[in-house]
Amino acid sequence: MLPDDRFLVQNYGRQPVCFVRGEGSRLWDDQGREYLDAFAGVAVSALGHAHPRLTATIARQAATLVHVSNHYHIREQADLAATLARQAGFPARVLFCNTGTEANECAYKAVRLWANVVHGGGKPRMLAFTGSFHGRTMGALSLTHTAKYREPFAPLLPCEFLPFGDLAAAEAAFDAGVAGVIIEPVQGESGVHPTPPGFLAGLRRLCDRHQALLVVDEIQTGMARTGRPFAWQHDGAIPDIMTLAKGLGGGLPIGAAVMGEAVAALIKPGLHGTTFGGNPLACAAAQVVADTVLDPAFCAAVATKGERLMAGLRRLFGAGAVRGRGLLVGVQLDSDPSALVAAARTHGLVVGPAGGNTLRLAPPLTVSDGDLDEMVARLGRAKAG
Ligand SMILES: Cc1ncc(COP(=O)(O)O)c(C=O)c1O
């Protein structure tokens with residue numbers, strides 16, 4: 001029997017299943033049924049479920065110190081910041097928070113602060129793209145394009161939306177009034193759409209020309225999900241700020257805004273903060289994830305596994321229907337993916353929906369080749385009905 005949800009706010013359309021246990025790329029429900037997990041809690045469980053080193057670290061840290069607050073120095077936080085800043089590939093500092101939306105909230109505030117302090121407020125414009133998803137809090141929601149998420153909560157903060165992937169349109173829209181632009185290197189929620197090659201690099205050039213900040217939202221794509229530590233590296237377009245969450249904590253809630261030194265220097269004590277952000281438990285977990293997934297050999301393996309998964313899906317759905325990068329993959333369907341998501345579940349496979357009639361697969365980055373092949377086989381059986 002499913003849990004009695006009547007005291008929960010009904011803000012989620014939940015599938016009729018209750019998972020109670022996981023191991024690697026497998027989940028079990030409360031009836032003891034086994035599933036292959038090709039969704040990883042929306043690209044979160046990067047190391048899979050019950051990963052031995054992650055589990056042991058969480059248990060040890062929980063038994064040692066869970067929380068102290070940012071009134072004090074936190075060794076685990078400083079160590080994780082050093083790891084991420086070193087990997088960022090640009091001189092950076094890190095501000096920790098708890099979720100993706102908070103990381104983007106921080107990025108938006110940093111853009112405004114930079115425009116106000118460095119440019120005397122003379123840069124009122126913030127740009128984002130059609131199809132974008134940056135989160136649900138008011139700032140991040142203002143940068144999110146999808147009308148059904150935005151409109152019930154209007155009025156929102158200023159943001160202009162440019163056509164995704166259209167560099168000429170971006171070129172025409174940019175001027176000295178632009179403070180910043182935010183982009184997902186692969187749009188996840190709207191249907192797994194990678195930016196066209198050269199698009200991020202083009203935005204970088206426009207930002208340099210007009211003295212604007214490039215914010216890259218790596219919340220779904222970061223931490224090796226696309227086969228590079230961060231997806232902007234496919235295009236070599238170094239951001240001014242990149243935001244992380246989802247895979248960063250391997251399942252513990254943690255987000256981060258990784259920002260260039262010049263922007264970071266503007267955020268003085270007291271100007272921004274959070275009670276929980278970067279607590280010892282979340283940071284200890286994220287350190288295990290970072291040490292594992294940011295390794296070049298691990299990233300290369302993710303890229304190879306992504307090719308294997310996409311090849312299998314292309315055999316099932318046709319070459320033109322499958323797109324993605326690394327282990328963030330979308331399959332274009334003709335209709336809403338919910339029927340196939342449900343059918344997959346009855347065949348022991350967890351997959352998810354995305355916008356625009358897209359089926360989304362984002363398995364744990366540690367998934368084996370055998371499990372990838374079995375995921376494709378189960379999806380094939382679900383598709384056949
Ligand atoms: C690209 C991107 N940005 C931001 C968010 C918001 O993250 P969170 O749900 O942790 O607030 C998401 C979540 O799906 C996302 O995919």
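Let's start at one end of this predicted model: strands E1 and E2 run antiparallel to each other and are joined by four bridges. From there we'll look at the rest of their sheet, then the two domains, a buried strand, the nonpolar core and the ligand's surroundings. The chain splits into domain 1 (19–51 + 296–384) and domain 2 (65–293).

**The sheet with E1 and E2**

- Across the E1–E2 pair, Arg21 sits opposite Trp28 in E2.
- Just two residues link these strands in their hairpin, and Gly24 there has a positive phi near 60°.
- E2 (residues 26–29) also pairs with strand E3 (residues 34–37), again antiparallel, this time over three bridges.
- Two facing pairs show how E2 and E3 line up: Arg26 is opposite Leu36, and Leu27 has Tyr35 as its bridge partner.
- The E2–E3 hairpin has four residues between its strands, and Gly32 takes a positive phi near 85°.
- Put together, the sheet is an open one of four strands in the order E1-E2-E3-E15, and its pairing is mixed.
- What happens at the edges of this sheet? Strand E1 (19–23) and strand E15 (349–350) each have a single partner strand, so one side of each has no neighbour in the sheet.

**Two domains in touch**

- The C-alpha centres of domain 1 and domain 2 are 26 Å apart.
- Where they meet, 27 residues of domain 1 are in contact with 25 residues of domain 2.
- Several elements give two or more residues to domain 1's side of this meeting place, including helix H1 (40–43), helix H11 (296–317) and strand E13 (322–325).
- H11 supplies the largest share of that side, with five residues.
- Sorted by class, domain 1's side has 14 nonpolar, 10 polar and three charged residues.

**Strand E10, a buried strand**

- Why can we call strand E10 (residues 213–217) largely enclosed by the rest of the structure? Five of its five residues are buried, so the rest of the structure largely surrounds it.
- Leu213, Val215 and Asp217 point one way from E10, while Leu214 and Val216 point the other way; all of them are buried.
- Strand E7 (residues 178–183) runs parallel to E10, with four bridges between them, and Gly180 stands opposite Leu213.
- E10 also runs parallel to strand E11 (residues 241–244), joined by three bridges, and here Val215 faces Ile241.

**The largest nonpolar core**

- This core holds 113 residues, and Ala256 and Val258 touch the most other members.
- Helix H10 (residues 280–293) gives the core its largest share, 10 residues.
- Both domains take part: the core draws at least three residues from each of domain 1 and domain 2.
- Which residues does Ala256 contact, leaving aside its neighbours within four places in sequence? They are Leu84, Val94, Leu95, Phe96, Cys97, Ala103, Leu244 and Leu248.

**Around the ligand**

- There are 15 residues around the ligand, and Thr99, Gly100, Thr101, Ile219 and Gln220 come nearest.
- Helix H4 (residues 100–119) gives the largest share of this shell, three residues.
- By class, the shell has four nonpolar, eight polar and three charged residues.

Methods
Residues are numbered from 1 along each chain as its sequence is written. This is a predicted model: local features need pLDDT of at least 70, side-chain atom pairs count only at pLDDT 80 or more; totals for chains, interfaces and linings use all residues. A residue is buried if 20 or more other C-beta atoms lie within 10 Å of its own, exposed if 12 or fewer, and partly exposed in between; C-beta atoms are placed from the backbone. Two strands pair if DSSP finds at least two bridges between them. Domain bounds come from an automatic or database domain assignment. Two residues are in contact if their C-beta atoms, placed from the backbone, lie within 7 Å. Ala, Val, Leu, Ile, Met, Phe, Trp, Tyr, Cys and Pro count as nonpolar, Asp, Glu, Lys and Arg as charged, and the others, Gly among them, as polar. A residue is near a molecule or strand if its C-beta atom, placed from the backbone, lies within 6 Å of it. A nonpolar core is a set of buried Ala, Val, Leu, Ile, Met, Phe, Trp, Tyr and Cys residues joined through C-beta atoms within 7 Å.
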